[in-house]
Amino acid sequence: YSMQAGNLTVLADRPLPTAAQLQFKMTVIPARVTRDNYKDILTPHMRAGHVLLNLSVDVASVALIELCHELQVLYLDTSIEPWEGGYIDETLPIGARSNYALREAALALRSKCGRGSSTAVLAHGANPGLVSHFLKRALLNIAKDTGVHVEKPATQAEWAALARQLNVKAVHISEKDTQVSHSVHPKQREFFNTWSVDGFVSEGAQPAELGWGTHERHFPHDGQKHENGCGAAIFLERPGMLTRVRTWAPHAGPFHGFLVTHNEAISISDFLTVRDGSGEAVYRPTSHYSYLPCPAALQSIHDFVGNNFTYPASQRVLKDELAHGRDELGVLVMGHARGAYWYGSDLTLEDARARAPFNNATSLQVAVGVLAALDWMLQHPEEGIVEPEQIDHDFVIELAELYLGKLVGAYTDWTPLAGRSRLFPEPEDPEDPWQFINIRVS
């Protein structure tokens, strides 16, 4: 699809890059959207058939979806957001501050925003978003390479049955960002990152969350189950920025990442759940994010958590300041006949800049996830509320791979037990390497 320059209106509460405004002839309106004013601010700019792209933090997705439903406007976001303060509301139970709770609230709108109403795509950037399509391709590649003949699944039940047939036990959204600047470095109470600082700070202060597999036999000592909803995930009584897990990627090799909560950890485990006739889950893989951010963000994290999660006084999203590096983002699928298989994007900073201006490797991976979902939504304008797993993965990857650098598929003999307990005893289950107790860094 194409969009004419000048057809883009941006509401933002902070200045945007002047060069981008001029090139794309954006209409930029300074505005801070809140619970009290969102209808008054947004409604004059929207009419039937328009698209509302929500890239904000602290603007409630549920409220915007309901407004778009009333106005017959298409909707797309990259994260299911609460109103400002929802992530850190001390009056709420920990589970109510989780992505699980936010997802359940959004999916509850399907009763009135179902198929036949304007499409609202939830949580579709890079991750959540692209990684769910990487996972589908990975499952088909594993099936082919292990001699499992299967036609391309067409339904949730068929995808879940394939994952079960392959004996997939765990899925990591495995990401390592090595982009670095030699010219600028964060000072005390500053937060540098290669994508939204607001977004990362918010999710880092939420409880760590993971889809909880049916194969797991060691429930975390600080884990809690949810009392309602799909039941596909649990949360830990500690923030994601203080929770680390072991993972692997082809270029990075083994590394420790943060178990930061993300919507895809829940939606993937839910999508791949097999239930018996009574509705009881008989198969589900564990799923979670394992993220090692860029070096400047790591330094910022230490300062942020050291100040008891006090919001940073200043922030910077690094783009032109970056000198080199890459963002390796994919899914690590574990437990099948060949052990572990990683599939995803290995995008260097240099390649990202050559493919699209105003970007680094991380921002381009997010942007192309948005672009692909937007294209799909314009071709499917009356699908109601849709999650990434419901969208055809071939459609998305065919467009996205134009921007994603190298799409890599790689098997590995790595397990989270490799080289363990040599210097100090650690909790582990040597009988099954893919247990979460082996993956969590204690």
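Leaving aside its neighbours within four places in sequence, which residues is T194 in contact with? In this predicted model, the residues that T194 touches beyond that range are D177, Q179, C294, V317, L318, L322, N360, T362 and S363. T194 itself is found in the loop that runs between strand β7 (190-193) and helix α7 (197-205), and because its relative accessibility is 0%, T194 counts as buried. Two of the contacts can be described in more detail, since they are polar contacts made by side chains. In one of them the side chain of T194 meets the side chain of D177 at 2.6 Å, and in the other the side chains of T194 and T362 are joined at 3.2 Å. A further way to place T194 is by its relation to Q299, a residue that is 105 residues away in sequence and that lies 13 Å away in space, C-alpha to C-alpha.

From this loop the reader can turn to the nonpolar interior. The largest nonpolar core has 58 residues, and of these L139 and V331 touch the most other members. The element that gives the most to this core is helix α5 (residues 130-145), which supplies eight residues. If residues up to four places away in sequence are not counted, L139 touches W159, L162, A163, L166, V168, L272 and V333. Apart from this core lies another one, made up of 28 residues, and among them are Y75, W83, L109 and A120.

Another buried position is S269, which is found in helix α8 (residues 263-271). Because its relative accessibility is 0%, S269 counts as buried. Not counting residues up to four places away in sequence, S269 touches G211, W212, A232, R284, P285, T286 and S287.

Empty space is the next topic. Rolling a probe the size of a water molecule over the atoms shows where such space is left. The second largest pocket of the model has a volume of about 310 Å³, and its lining is formed by 14 residues, of which H221, P427, R440, V441 and S442 lie nearest the centre of the pocket. When the residues of this lining are divided by character, seven are nonpolar, four are polar and three are charged.

The backbone also deserves a careful look, and three places in loops can be picked out. Where is P128, and how is it joined to N127? P128 lies in the loop between strand β5 (120-121) and helix α5, and the peptide bond that joins N127 and P128 is cis, with omega at about 0°.

The other two places concern the angle phi. K25, in the loop between helix α1 (18-24) and strand β2 (27-30), has a phi near 50°, which is a positive value in a residue other than glycine. Is K25 buried or exposed? Its relative accessible area is 56%, and therefore K25 is exposed. Q72 is found in the loop between helix α3 (61-71) and strand β4 (74-77), and the phi of Q72 is near 60°, again a positive value in a residue other than glycine. With a relative accessible area of 54%, Q72 is exposed, whereas T194, with which this account began, is buried at 0% relative accessibility.

Notes:
Residues numbered from 1 in each chain as written. Predicted model: local features only at pLDDT ≥ 70, side-chain atom pairs only at ≥ 80, totals over all residues. Heavy atoms only, no water. 1 Å grid on protein atoms, 1.4 Å probe; cavity = no way out; pocket = protein on both sides within 12 Å on 5 of 7 lines; lining within 4 Å. Points joined across faces, edges and corners; volume = space filled by probe spheres on them. Nonpolar A, V, L, I, M, F, W, Y, C, P; charged D, E, K, R; others polar. Helix = DSSP H or I, 4+ residues; strand = E, 2+ residues; numbered from the N terminus. Buried < 20%, exposed > 50% of the residue type's maximum accessible area, 1.4 Å probe, protein only. Contact = heavy atoms within 4.5 Å. Polar contact = N/O pair within 3.5 Å; in protein donor to acceptor, adjacent residues only side chain to side chain. Core = buried A, V, L, I, M, F, W, Y, C linked by side-chain atoms within 4.5 Å.
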